Amino acid sequence: MSNESLANLLKEDRRFAPPAELAANANVTAAAYEQAAADRLGFWAEQAKRLSWETAPTETLDWSNAPFAKWFADGKLNVAYNCVDRHVENGLGDRVAIHFEGETGDSRSLTYADLQREVSKAANALIELGVRTGDRVAVYMPMIPETVIAMLACARLGAPHSVVFGGFSADALATRIQDADARVVITADGGYRRGKPSALKPAVDEALTKPGTENVRNVLVVRRTGQEDVAWTEGRDVWWHEVVERQSDRHTPEAFDAEHPLFILYTSGTTGKPKGILHTTGGYLTQVAYTHHAVFDLKPETDVFWCTADVGWVTGHSYIAYGPLANGATEVLYEGTPDTPHQGRWWEIVQKYGVTILYTAPTAIRACMKWGDDIPAKFDLSSLRVLGSVGEPINPEAWMWYRKHIGADAAPIVDTWWQTETGAMMLSPLPGVTTTKPGSAQVPLPGIAATVVDDDAHEVPDGAGGYLVLTEPWPSMLRTIWGDDQRYLDTYWSRFEGKYFAGDGAKKDEDGDIWLLGRVDDVMLVSGHNISTTEVESALVSHPKVAEAAVVGATDPQTTQAICAFVILRGTASADDEGLVAELRAHVAQQLGPIAKPKRIMPVAELPKTRSGKIMRRLLRDVAENRDLGDVSTLTDSSVMDLIQAKLPGAASED
Ligand code: 6R9
């Protein structure tokens with residue numbers, strides 16, 4: 001694909017300088033890049049001072065056993081103390097930590113003093129249930145304050161948690177319990193989802209019938225929905241309101257080594273068994289606290305932060321549980337879906353709490369685009385001053401919509417690239433420094449070393465594409481895959497000698513800014529040309545009739561792969577419109593060149609997505625190639641695939 005056509009699509013002439021007032025008062029200025037470049041380890045040692053250490057580290061990085069890193073190894077600290085107690089000790093006990101908004105309209109606010117009492121009680125309860133330092137605890141919960149309290153209680157005891165997304169099946173939960181050999185499961189009777197109670201406990205009961213889960217001694221159950229039919233295993237199951245509530249609300253935290261395990265979070269690989277990504281204590285907390293401060297320009301006294309992610313995704317770990325609370329922020333926690341009971345629900349919440357910083361995913365932005373501009377227009381969004389995006393490349397069209405309709409054409413957008421494995425943000429503009437470009441994550445953050453390389457590991461010149469790699473260790477990096485050091489080496493460190501391979505395709509533009517192009521497994525090969533799914537999807541989304549698009553390469557006898565596109569149309573467009581497919585193909589050809597023209601275009605009502613809103617292209621490839629579906633356990637709604645398959649025989653195609 002020529003660079004002129006790419007430039008046309010990405011409209012690189014669109015540039016947005018930081019608002020003057022934000023730049024003048026920014027937490028982080030351009031000097032940070034220079035400091036970090038001059039002394040990267042010194043820079044991180046400085047950032048570690050944002051935390052309260054019981055024993056301050058004297059050593060920053062031990063890379064002698066690379067790629068197994070040790071950061072701040074001789075330091076000791078307690079994560080929960082850093083996220084809760086120290087703020088109370090600093091006189092901030094009355095500051096709201098969490099504004100909880102339930103889906104059914106119930107709400108409650110917890111101050112840092114409340115949080116300290118609740119976390120202490122939960123920690124005391126876990127001790128009573130026999131949880132010891134090092135024991136693993138599985139957390140399978142809805143989006144309620146007790147989830148964050150449970151995570152902090154585990155951290156307080158040095159018992160690594162493994163949060164499993166509440167939307168996952170009993171099988172997916174069982175696999176994760178087995179792999180981590182969890183001793184306790186914390187769950188709820190259910191949570192509210194689309195206006196209705198949705199049970200969780202039955203999946204735990206079923207998971208615990210599977211072999212390899214026998215070491216689970218107790219299931220601690222929060223009563224959220226009050227469903228009457230909760231099955232109970234005497235001696236194993238205990239109610240949170242019975243066991244936690246009666247505990248003392250005081251608990252003295254113990255400091256742990258900086259390299260003590262903090263949590264395991266499973267991420268589904270392209271092949272089979274999910275990978276248990278292991279994160280540890282001091283380096284992780286340093287980088288989540290620093291990035292939350294720098295990338296969102298957080299002013300804890302006045303800002304109200306809202307990350308819409310599920311806590312079962314790494315984004316919820318780093319930017320709901322740990323980063324904001326380490327920084328003493330006030331944040332919103334919302335239980336439900338963006339369109340319950342109406343499509344303006346998020347904007348109503350922004351207005352209610354005066355949210356100033358919003359962090360969400362492109363998939364949600366595209367859904368809001370589909371619902372229409374008039375919906376956010378009904379609410380007062382003037383409090384918003386910084387907008388964030390994460391999870392996928394954000395299409396330039398969605399970026400522009402986000403800026404215009406949510407950010408009043410003024411709030412900077414920070415497109416943050418990172419992974420479960422990286423633990424915290426790695427590439428992102430800084431809101432007071434970077435002149436932003438719609439669709440690009442642009443630059444490594446201060447203290448982070450990233451670049452784009454070709455097949456032979458050579459850095460590509462500006463204007464060329466290749467693979468995104470991280471060239472130096474960073475504090476919040478994964479330490480290994482739980483129980484499988486070899487898989488850690490093979491997956492991330494074997495493709496390019498001495499470099500971390502992220503699995504993402506990327507290109508550098510003429511200014512050297514980085515644009516993410518999707519997972520390399522998804523790159524299509526059409527008549528000898530590599531074509532990125534992201535580029536074709538962005539071209540489709542830039543057509544006024546398309547709200548969302550997913551593109552895959554299906555095996556094709558003539559062209560190796562043929563481009564198949566699944567599109568969700570905007571409200572006004574009709575799937576029966578005969579000329580639509582031809583119109584969309586012509587549009588892509590005009591934007592990217594004829595080679596990128598999809599062979600087939602299928603209008604669909606929904607797309608298969610993961611918990612974080614990522615499109616599961618693997619499943620769409622199966623559909624496009626008429627194969628049986630593989631593992632669908634990480635799909636948020638498996639009925640979506642039935643719908644798409646049912647449509648297949650009549651799907652629009654043009655040769
Ligand atoms: C935080 C998170 C990681 C993968 C990553 C990449 C994609 C995330 C992105 C992005 C382009 C961004 N990704 N943020 N692609 N621009 N701003 O998403 O973690 O669920 O592990 O996914 O997500 O492909 O490799 P995780």
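# A viewer tour, starting at threonine 291

Select threonine 291 and glutamine 287: the side chain of threonine 291 reaches the backbone oxygen of glutamine 287 at 2.7 Å. That is a polar contact, a pair of N or O atoms within 3.5 Å; within protein, one must be able to donate a hydrogen and the other to accept it, and residues adjacent in sequence count only if both atoms are side-chain atoms. Threonine 291 sits in helix 11 (residues 282-295). Helices (H or I, at least four residues) and strands (E, at least two) are DSSP runs, numbered from the N terminus. With a relative accessible area of 1%, threonine 291 is buried. Here buried means under 20% relative accessible area, exposed over 50%, and partly exposed in between (1.4 Å probe, protein chains only).

Before you click on: this is a predicted model, where local features need pLDDT of at least 70 and side-chain atom pairs count only at pLDDT 80 or more, while totals for chains, interfaces and linings use all residues. Residues are numbered from 1 along each chain as its sequence is written, and side-chain values use heavy atoms, with hydrogens and water left out.

**Stop 1: the ligand**

Show the ligand and its shell, meaning residues with a heavy atom within 4 Å of it. There are 17 residues around the ligand, and Trp313, Asp415, Thr416, Thr420 and Asp504 come nearest. Now look for polar partners. Tryptophan 313 puts a polar side-chain atom 2.8 Å from a ligand oxygen atom. Two backbones join in: a backbone N or O atom of threonine 416 lies 2.8 Å from a nitrogen atom of the ligand, and one of glutamate 392 lies 3.3 Å from a nitrogen atom of the ligand. How much of the ligand's accessible area does the protein cover? The protein covers 93% of the 530 Å² that the ligand has on its own (Shrake-Rupley method with a 1.4 Å probe; for residues, only the protein chains shown count as cover). Colour helix 12 (314-326) and strand 25 (514-519) next, the elements that give two or more residues to the shell. By type, the shell divides into seven nonpolar, five polar and five charged residues. Ala, Val, Leu, Ile, Met, Phe, Trp, Tyr, Cys and Pro count as nonpolar, Asp, Glu, Lys and Arg as charged, and the others, Gly among them, as polar.

**Stop 2: strand 4 and its partners**

Select residues 96-101, which make up strand 4; six of its six residues are buried. Strand 4 pairs with strand 5 (residues 107-111) in the antiparallel sense over five bridges; two strands pair if DSSP finds at least two bridges between them. Pick out glutamate 101 and you'll find serine 107 of strand 5 opposite. The two strands form a hairpin with five residues between them, and glycine 105 in the turn has a positive phi of about 100°. Strand 4 also runs parallel to strand 17 (residues 330-334), joined by four bridges. There, phenylalanine 100 has leucine 333 as its bridge partner.

**Stop 3: an open sheet**

Colour strands 12-11-8-6-7-14-15-23 in that order: these eight form an open sheet with mixed pairing. Strand 12 (237-239) and strand 23 (480-481) are the edges, each pairing on one side only. At the strand 23 edge, strand 15 (residues 275-280) pairs with strand 23 in the antiparallel sense over two bridges. Leucine 278 stands opposite threonine 480 there.

**Stop 4: cis prolines and a buried tryptophan**

Where does a cis peptide bond join alanine and proline? Go to alanine 66 and proline 67, where omega is about 0°. Proline 67 is in the loop between strand 1 (61-62) and strand 2. Strand 2 (residues 70-71) holds tryptophan 71, which counts as buried at 0% relative accessibility. A polar side-chain atom of tryptophan 71 lies 3.2 Å from the backbone oxygen of tryptophan 474.

Another cis peptide bond joins threonine 340 and proline 341, with proline 341 in the loop between strand 17 and helix 13. Buried residues of helix 13 (residues 345-353) include Trp346, Trp347 and Tyr353.

**Stop 5: two alanines with positive phi**

Most residues other than glycine have a negative phi. Alanine 408 goes the other way, with phi near 55°. Find alanine 408 in the loop between helix 16 (396-406) and strand 20 (413-415); at 61% relative accessibility, alanine 408 counts as exposed. Finish at alanine 457, where phi is positive at about 70°. Alanine 457 lies in the loop between strand 21 (450-453) and strand 22 (465-470) and is partly exposed, with a relative accessible area of 24%.
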